[in-house]
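This report describes the strands of one chain and how they pair into sheets. The sequence and the structure are shown first.

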Amino acid sequence: MSTDYITAATVGEIAPGKMKRVVANGEAILLANVEGEHYAVSDICTHEDASLYLGCLKGKRVQCSLHSGMFDVTTGEAVEEPAEIALKTYPVRINGDKVEVGVSDKGEQPA
Ligand code: FES
C-alpha cells in the first residue's frame, strides 16, 4: 500500500493556533498549526463523532465542542475524558508553499 500526498493548504493559510478541515480520500481531516508546525489528525472525535474543527485549539490540544474531550494533535492521543480512543494521524510534509497530507491510496491507515 502506498501513501499519496494531497495538497491540503498553503503554508501561510493556517496561522499558528489555527485549524482547517479538509476532506480527502473520503476522510475528514483536521489540520492544525502548533507554533509553526503543521499536524494532521482525523477531524472526527472518537467519542461521539463530532467535528473537532468546531472545537478549540489550545496549544497542541484540540478540545471537542460537544463534551469537552481533548486530543493532542501532534500524536492523536486522547488526553481528556470523555475522549479515550486516539485519533488517526496523518503524515504531513511541506512542499514549497504547500502543506501536503499523506493519505493511503486504499483509504487505510498509512504505515
Ligand atoms: S463527541 Fe467529542 S467529546 Fe463527545
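## The four-stranded sheet

In this predicted model, four strands form an open sheet with the order β2-β3-β4-β9, and the pairing is antiparallel. The edges are taken by β2 (19-24) and β9 (89-90). Each of these has a single partner strand, so one side of β2 and one side of β9 lack a neighbour in the sheet.

Within this sheet, β2 is joined to β3 (residues 27-34) by six bridges in the antiparallel sense. One position in this pairing is arginine 21, which stands opposite leucine 30 in β3.

## The three-stranded sheet

An open sheet is also formed by three strands in the order β1-β11-β10, again with antiparallel pairing. Its edge strands are β1 (3-10) and β10, each of which pairs on one side only. On average, neighbouring strands of this sheet are turned by 35° against each other, with direction ignored.

Strand β11 (residues 98-104) has a partner on either side in the order β1-β11-β10. Seven bridges link β11 to β1, and the two strands run antiparallel. Isoleucine 6 has valine 101 of β11 as its bridge partner. Strands pair in a sheet through backbone hydrogen bonds, in a parallel or an antiparallel arrangement.

## The β10-β11 hairpin

On the other pairing of this sheet, four bridges join β10 (residues 92-95) to β11 (residues 98-104), and these strands run antiparallel. Here isoleucine 94 stands opposite valine 99 in β11.

The two strands form a hairpin, with two residues between them. Glycine 96 lies in the turn and has a positive phi of about 65°.

## The chain as a whole

The chain contains 11 strands and zero helices. From the N terminus on, its elements therefore read as β-β-β-β-β-β-β-β-β-β-β. The radius of gyration is 13 Å, close to the 13 Å given by the globule rule for 111 residues, so the chain is as compact as a globular protein of that length. Along the principal axes, the C-alpha trace spans about 35 × 30 × 20 Å.

Of the 111 residues, 30% count as buried. Among the contacts between residues at least 6 apart in sequence, 41% join residues at least 24 apart.

Methods
Residues are numbered from 1 along each chain as its sequence is written. This is a predicted model: local features need pLDDT of at least 70, side-chain atom pairs count only at pLDDT 80 or more; totals for chains, interfaces and linings use all residues. Two strands pair if DSSP finds at least two bridges between them. Axes are lines fitted to C-alpha atoms, for helices over the stretch in contact, and angles run from 0 to 180 degrees between N-to-C directions. The radius of gyration is taken over C-alpha atoms; the globule rule is 2.2 Å times the number of residues to the power 0.38. A residue is buried if 20 or more other C-beta atoms lie within 10 Å of its own, exposed if 12 or fewer, and partly exposed in between; C-beta atoms are placed from the backbone. Two residues are in contact if their C-beta atoms, placed from the backbone, lie within 7 Å.
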